[in-house]
Amino acid sequence: MTASNTEESGQLDHPHQRFRIDLGYVGTHFHGWALQPHLRTVQGELETALARILSAPVRVTVAGRTDAGVHARRQVVHVDIPHTDFPRLVGQPRARAEQRTPARGLTSRLRGVLARQDASDIVIHDVTAVHADFDARFSALWRSYTYRLADPQAFTDPLTAAFTVEHRAELDVAAMSAAAQQVCGLRDFLPFCKPREGSTTIRTLEELRVERVGSGVIEFFLRADAFCHHMVRALVGGLVKVGEGKWGPGRLAGMCEEAGRGGSEFPMFVFPAHGLVLEDVGYPEPGEWAVRNQQTRARRDAD
């Protein structure tokens, strides 16, 4: 959003400008997204960089927290920055044709400071000025993940081994795919989630695909309105049981139905974190951000 677009949206009447930051990271050496005392986290590195740029403490809001060791190809956060800090972002005055916007300045400054922090495992894709109606968490329509698993049929690629989990038993991809189709939809995923106090385990799993790619690696692709803690890795664990022939294709869907009738068991083996990647986060058109915020918050309150 350019300065003129900001003025048109009424943001100059507000003391802060909201920025959307799109970033990616390799999760191997992070203790997850969220701040933790004395531990290296993605949020900690990002907020430290922003604080150095702005000379003040900064808090960001993220689309969805990732666990320790989980990677992100595209994560989204938002941050509010006072207009009075814009000179820190744009630098020295330049010729009008060369004047960079606060968003471009923040992109450049973040990349530079993260490099000096030795945080090359975080990549800033883009920074955009947005209306205050945008909320990285509550405006989101969906999140998508992939999980990579190599059984004996897969080619062992040393360039992707750090992001792929090895499994000794050969898996039946067709059976896992059939099971995946049955578990899609609006369900209580309690058997595949580690519940958090005050949070619901009801989610809409919009898509779950299982396929063997060209290298022979099995990829699980999942898209949902939101995911519970450990949900993706636990679903992969259940599908692997099906692929090994230990469970029938309808077992996962049946467990969700039992949970909806009051079951609370969390028996799943949670697969390792390093095979999991947050691929993308989807949002509605700008004019629909406020409505989406209200819908998401109302649904969470109702649950």
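On the surface of this predicted model, R65, R137, K194 and R196 gather in a patch of positive charge. A patch here takes in residues with over 30% relative accessible area and no salt bridge, with like charges joined within 9 Å. Lys and Arg count as positive and Asp and Glu as negative, while His and the chain ends are not counted, and the place of a charge is taken as NZ of Lys, CZ of Arg, CG of Asp or CD of Glu. Within this patch, R65 sits in the loop that runs between β2 (61-62) and β3 (71-82). Helices (H or I, at least four residues) and strands (E, at least two) are DSSP runs, numbered from the N terminus.

Residues are numbered from 1 along each chain as its sequence is written, and side-chain values use heavy atoms, with hydrogens and water left out. As the model is predicted, local features need pLDDT of at least 70 and side-chain atom pairs count only at pLDDT 80 or more, whereas totals for chains, interfaces and linings use all residues.

Strand pairing offers a good way into the fold, two strands being paired if DSSP finds at least two bridges between them. Strand β7 (residues 185-188) runs antiparallel to strand β8 (residues 202-212), and four bridges join them. In this pairing, D188 stands opposite I202 of β8. Strand β8 is also joined to strand β9 (residues 218-224), again in antiparallel fashion, by seven bridges. Here L208 has L222 of β9 as its bridge partner. The hairpin of β8 and β9 has five residues between the strands, and G216 in this hairpin takes a positive phi near 95 degrees.

L222, in strand β9, is also worth following into the interior. With a relative accessible area of 0%, L222 is buried; buried means under 20% relative accessible area, exposed over 50%, and partly exposed in between (1.4 Å probe, protein chains only). The accessible areas come from the Shrake-Rupley method with a 1.4 Å probe. L222 and T146 are 76 residues apart in sequence, yet their C-alpha atoms are 6.3 Å apart in space.

Two further buried positions can be described in the same way. G275 belongs to the loop between α7 (251-260) and β10 (276-282) and is buried, at a relative accessible area of 0%. Its C-alpha atom is 6.9 Å from that of L149, although G275 and L149 are 126 residues apart in sequence. A103, in helix α4, is buried as well, with a relative accessible area of 7%. The C-alpha atoms of A103 and F86 are separated by 9.3 Å, the two residues being 17 apart along the chain.

Turning to charge pairs, the structure holds 16 salt bridges, each defined as a side-chain nitrogen of Lys or Arg within 4 Å of a carboxyl oxygen of Asp or Glu. One of them joins the side chains of R18 and D80, at 2.7 Å from N to O. R18 lies in strand β1 (residues 16-25) and D80 in strand β3, so this pair ties together parts that are 62 residues apart in sequence. R18 counts as buried, at 13% relative accessibility, whereas D80 is partly exposed, with a relative accessible area of 34%.

Another salt bridge brings together the side chains of E45 and R40, at 2.8 Å from N to O. E45 is buried, with a relative accessible area of 14%, while R40 is partly exposed, at 24%. E207 pairs with R209, and the closest N and O atoms of this salt bridge are 2.4 Å apart. R209 is partly exposed, with a relative accessible area of 34%. Both residues belong to a network of salt bridges that links E206, E207, R209 and R223.

Backbone geometry completes the picture. Most residues other than glycine have a negative phi. S55, which is not a glycine, nevertheless has a positive phi of about 55 degrees. This serine lies in the loop between α2 (42-54) and β2, and S55 counts as exposed at 54% relative accessibility. D118 likewise has a positive phi, near 60 degrees, in a residue other than glycine. D118 is found in the loop between α4 (102-116) and β4 (122-130) and counts as exposed, at 62% relative accessibility.

Terms used:
Patches are made of residues with over 30% relative accessible area and no salt bridge: like charges are joined within 9 Å, nonpolar side chains (Val, Leu, Ile, Met, Phe, Trp, Tyr) within 5 Å.
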